Amino acid sequence: MTQVTLKDQEHLFESFKNGDEKSFAHIFDIHYRSLCYFATPITQDALQAEDIVADCMYKLWQQRATFKTLQNIKAFLYISCRNACLNHLRNLKRRNSAQELYLSQLESSEDTILYQIIETEVLSLLDDEIESLPEKCRAVFKLIYIDNKKTDEIAAILGISDKTVRGHKARAIELLKTQLLKKGVSSLILLAFLFLIDAS
Amino acid sequence: METIETALRISYLINAHLRGTISDIEEQELQKWLTSKADNRAHFDSTYQQDILQQKMQDYQHVDKASVWRKTSDKIQNELEQQPKNKNLRQLFQKITTAAAAVLLLSLGTYYILLRQPDTQQQNEIAQTEIADLPAGTNRAILTLENGQSIDLSEQETGIVMNGESITYKDGSPILSRPEESQTLTLHTPKGGRYELTLSDGTKVWLNAASTLRYPARFNGQERRVQLDGEAYFEVAHQSNSTFKVASSVQEVSVLGTHFNVKAYTDEPLITTTLLEGSVRVINTAAQASSALLKPGQQSTLSSSGQLKVSTASTEDAIAWKENIFVFHHTGLQTILLELSRWYNFNIDIHTIPNNELYGEIPKDLPLSEVLKVLSDISGYRFKLIKDETTKEERRLLLINN
């Protein structure tokens, strides 16, 4: 997601509290993906997860005047989402084994939620890292890493040469900080190539 | 609340650890957390590995933003509509649905944006030629025999008939004599095509564009079974000793003799079955099997997550396509454009389209430019049709934000 400076954040937060729809849309942008990812395994139902997230966003909008910081918003959304998932599981007439397991875990301890939020937030931070890559480099990276495309397919999709694709790929590997992301895009040859550069 | 604070702190530490930017003190803090409880270590070891993380990242990226936003803004609009004072706010929210589409284009940040809003350098690499118009679809279909032989069916004819002895056009002119009786045939309409078919038992089938029907040259036994991918209207010849079954992905429709429409396109989230006469049983064949018995005038929808719902519906609307009219009664723009893309043969990235509901009826024999003009007038969006030179064949419709 777009990097926002502290001053922008304050401005965003104030205008959101004052009922500015664009600011709300922006805050929605920051959180919807994490919340859906969080709610989907618990409900075992992606469409239901969307409904739950939409409900939480709606509550956020209704209660906008009561928030004190941006960080409060995140906590509020996770808690509302957890509660809505729990209610949904309780009210289901029939539950499959995974839903049954989540329900009993949610009712007995906070650990499931803890790990689920940690995982979601780590992914969100990695997503920020990917989003901060330069535009074309990011497009190539996503096609490899998210869509499992091959070099020649990417060349065809983006209308650029194989060589240019490899160039963007190498740049992505150079810019990414997280080793696990780098490994996700690099072929053995490219790694060997980088190794040579490092060694020389 | 405490749980969330802990979770946010630990996720920060794990991210810094994965990046290699973690300080010594922070690393100690992370190790302390990892060793404080076996479950913590287990979570860490089982989650943050290359292959697993990549799979999770793919799931994370595949959230349907347009759908969540639509559901959210619907709720807010509902609330605003109940408070007449807030008229200005409501208008703003209607505008923001458009704005959200723009935000979506911007925030997706993937290759779509490169295709859609090329910068100058990109324009040198992808030449986009605008296309003025596309003609309406016609009677086009391909019949494929089990041995792989394909027959391009005549555009002058409207349908084919499976006789006992031969396959002919509706007017009786021959296509193939003495086909192998036990074989399975495939009738496929491309985008921009439609065709009719009379099966060996006398059942009539109208096949809509971009659809495929697989059926036996001759039915035998207690079950008459066909497979549908796409949309078709069936008038099933009654046989009290033989059920007629229409299978499509996760659904099966089972009947003795009735009139009904099945819409089961794989690029749409719902399978819709509408009953006009008689009765049918709709069965969800996915893991958690459920079924519903439809009465005339009822419609069932089966979602990809397996929810089967029954409601009353306009049967006229459901089969308007067969009468050569597009009927859009409170239909989402996404559905409308998908339907147009099948009739005029173009591509569209449906996730970039807002799903505002529109109301209108448009004859299907108009050229695309006239249909788009009507849509622009009622929706306020403008459209542009381009040819991607890189992929030659591809015609793509873009939505232009004003």
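**A helix crossing between chains A and B**

In this predicted model, the axes of helix α6 of chain A, which spans residues 111-131, and of α4(B) come within 10 Å and cross at roughly 80°. Because angles of 65 to 115 degrees count as roughly perpendicular, α6(A) is described as roughly perpendicular to α4(B). The residues that meet at this crossing are Leu123(A), Leu126(A) and Asp127(A) on the side of α6(A), and Lys56(B), Met57(B) and Tyr60(B) on the side of α4(B). Sorted by class, the contact of α6(A) with α4(B) comprises 4 nonpolar and 2 charged residues, with no polar ones.

That crossing can be placed within the contact between the two chains, to which chain B contributes 52 residues and chain A contributes 55 residues. On the side of chain B that touches chain A, the elements giving two or more residues are α1 (2-19), α3 (38-47), α4 (50-61), α5 (65-81), α6 (87-108) and α7 (111-116) of chain B. Of these, α1(B) gives the most, with 11 residues, and the residues on this side of chain B divide by class into 23 nonpolar, 20 polar and 9 charged.

The two chains can next be described one at a time. Chain A has 11 helices and 0 strands, and 38% of its 200 residues count as buried. Among the contacts in chain A with a separation of 6 or more, 52% are accounted for by residues 24 or more positions apart. Chain B, by contrast, has a secondary structure of 11 helices and 24 strands, with buried residues making up 29% of its 402 residues. For chain B, 46% of the contacts between residues at least 6 apart in sequence join residues at least 24 apart.

In soluble globular proteins, nonpolar side chains tend to be buried together. The largest nonpolar core here has 64 residues, of which Leu35(A), Ala39(A), Val53(A), Cys56(A), Cys81(A) and Val140(A) touch the most other members. Helix α2 of chain A, residues 21-43, gives the most to this core, with 11 residues. Taking Cys56(A) as an example, and leaving aside residues up to four places away in sequence, one finds that Cys56(A) touches Leu35(A), Leu77(A), Ser80(A), Cys81(A) and Ala84(A). Apart from this core lies another, of 39 residues, which includes Leu228(B), Phe244(B), Val253(B) and Val282(B).

Turning to the strands of chain B, one may follow β5(B), residues 159-162, to its partners. With β9(B), which covers residues 193-198, strand β5(B) pairs in the parallel sense over 3 bridges, whereas with β6(B), residues 166-169, β5(B) pairs in the antiparallel sense over 3 bridges. A hairpin of 3 residues joins β5(B) to β6(B). Val161(B) illustrates both pairings, since Val161(B) stands opposite Thr198(B) in β9(B) and has Thr168(B) as its bridge partner in β6(B).

A further residue of chain B to examine is Leu358(B), which lies in strand β22 (residues 357-363) of that chain. Leu358(B) has 18 other C-beta atoms within 10 Å and is therefore partly exposed, given that a residue counts as buried if 20 or more lie within that distance and as exposed if 12 or fewer do. Not counting residues up to four places away in sequence, Leu358(B) touches Phe328(B), Thr331(B), Leu333(B), Ile336(B), Ile378(B) and Ser379(B). Of the residues just named, Ile378(B) is 20 residues from Leu358(B) in sequence and 7.4 Å from Leu358(B) in space, C-alpha to C-alpha.

Terms used: Residues are numbered from 1 along each chain as its sequence is written. Chains are lettered from A and ligands numbered from 1 in the order in which they are written. This is a predicted model: local features need pLDDT of at least 70, side-chain atom pairs count only at pLDDT 80 or more; totals for chains, interfaces and linings use all residues. Helices (H or I, at least four residues) and strands (E, at least two) are DSSP runs, numbered from the N terminus. Two residues are in contact if their C-beta atoms, placed from the backbone, lie within 7 Å. Ala, Val, Leu, Ile, Met, Phe, Trp, Tyr, Cys and Pro count as nonpolar, Asp, Glu, Lys and Arg as charged, and the others, Gly among them, as polar. Axes are lines fitted to C-alpha atoms, for helices over the stretch in contact, and angles run from 0 to 180 degrees between N-to-C directions. Angles under 35 degrees count as roughly parallel, over 145 as roughly antiparallel, 65 to 115 as roughly perpendicular and the rest as oblique. A nonpolar core is a set of buried Ala, Val, Leu, Ile, Met, Phe, Trp, Tyr and Cys residues joined through C-beta atoms within 7 Å. Two strands pair if DSSP finds at least two bridges between them.
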